[in-house]
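This report describes a protein structure for a reader who is new to such descriptions. Please look at the sequence and the model before reading on.

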Amino acid sequence: MLAGIAGCEPPATVIPANRLSDIYADMFLADQWVNRHSDIRSQVDTMLLYDAVFEKYGYSRKDYYKSLDYYLDRPEEFQKITSVTSGKLRRKHDELRKYIAVRDSVNRLNAPYLKHTKIDFDADSIRWNMDAAKFLEQKSKHIVEECHTQKNTDSIQALPKLNRMRREMSIILDR
């Protein structure tokens, strides 16, 4: 009976190179998340995090090990996978830097004029999926509306500065 149950498990497959580069990028991000949270670093088994990454792409740990053996025997293909992974991470890094620039700009605008608390986007998340330009546009419209509805003339005087910063951020994001 045990042989029958063991025989039902599908055989391991080799993960295609393009999917493996996605998996490696997410594995790297998972590692960085663990490194950032030093208070739990000693308690986390990264292979459990990796299992979640494998599952996200529809593969198992066995598939990963088989793929690793396969591509290590083909160093040129493995080098291409690591180069593609590096490019994906670099693009994600650039995207997040733009996002952080927008977040910091909004925080600077909020603090002196509207006395709002700073917006904290440091979440326990591996990735953020936010269109920075849309966020800035939406947030700045909110700030303009707030300034128009307040009786405080100091807030109204902030509008030219707000519009100038919106134009500057638009130029930066277009680059």
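The text below goes from the whole chain to a few chosen residues.

**The whole protein**

The model is predicted. The protein holds 8 helices and 0 strands, and from the N terminus on its elements run α-α-α-α-α-α-α-α. Of the 175 residues in the protein, 31% are buried. The accessible surface comes to about 11800 Å², and carbon and sulfur atoms account for 54% of that surface. Among contacts between residues at least 6 apart in sequence, 69% join residues at least 24 apart.

**Aromatic residues**

How is a pair of aromatic rings described? The distance of the centres and the angle of the planes are used. The structure holds 5 aromatic pairs. One of them joins Tyr24 and Phe78, and this pair is edge-to-face. Tyr24 belongs to helix H2, whereas Phe78 belongs to helix H5, which covers residues 75–114, so the pair ties together parts that are 54 residues apart in sequence. Another pair is that of Tyr64 and Tyr65, which counts as tilted because the planes stand at 55°, and a pair is tilted when this angle is neither under 30 degrees nor over 60. The values for these two pairs are given in the table.

| Pair | Centre to centre | Angle between planes | Arrangement |
|---|---|---|---|
| Tyr24 and Phe78 | 6.2 Å | 85° | edge-to-face |
| Tyr64 and Tyr65 | 5.8 Å | 55° | tilted |

Tyr24, Phe54, Tyr64, Tyr65 and Phe78 form one aromatic cluster. Which members of the cluster are buried, and which are partly exposed? Tyr24 has a relative accessible area of 16% and is therefore buried, because the cut-off for buried is under 20%. Tyr64 is also buried, at 10% relative accessibility. Tyr65 has a relative accessibility of 40%, so this residue counts as partly exposed.

A further aromatic residue, Tyr70, has a charged neighbour: Arg74 lies over the face of the Tyr70 ring, at 3.6 Å from the ring centre.

**Ser21 in helix H2**

Helix H2 spans residues 17–36 and contains Ser21. Is Ser21 buried or exposed? Its relative accessibility is 1%, so Ser21 counts as buried. A polar atom of the Ser21 side chain lies 2.8 Å from the backbone oxygen of Asn18. Which residues is Ser21 in contact with, leaving aside its neighbours within four places in sequence? They are Ile81, Val84, Thr85 and Lys88.

Technical notes. Residues numbered from 1 in each chain as written. Predicted model: local features only at pLDDT ≥ 70, side-chain atom pairs only at ≥ 80, totals over all residues. Heavy atoms only, no water. Helix = DSSP H or I, 4+ residues; strand = E, 2+ residues; numbered from the N terminus. Buried < 20%, exposed > 50% of the residue type's maximum accessible area, 1.4 Å probe, protein only. Polar contact = N/O pair within 3.5 Å; in protein donor to acceptor, adjacent residues only side chain to side chain. Contact = heavy atoms within 4.5 Å. Phe/Tyr/Trp six-rings, centres within 6.5 Å; stacked < 30°, edge-to-face > 60°. Lys NZ or Arg CZ within 6 Å of the ring centre and 35° of its normal. Areas by Shrake-Rupley, 256 points an atom, 1.4 Å probe, with all protein chains shown as cover.
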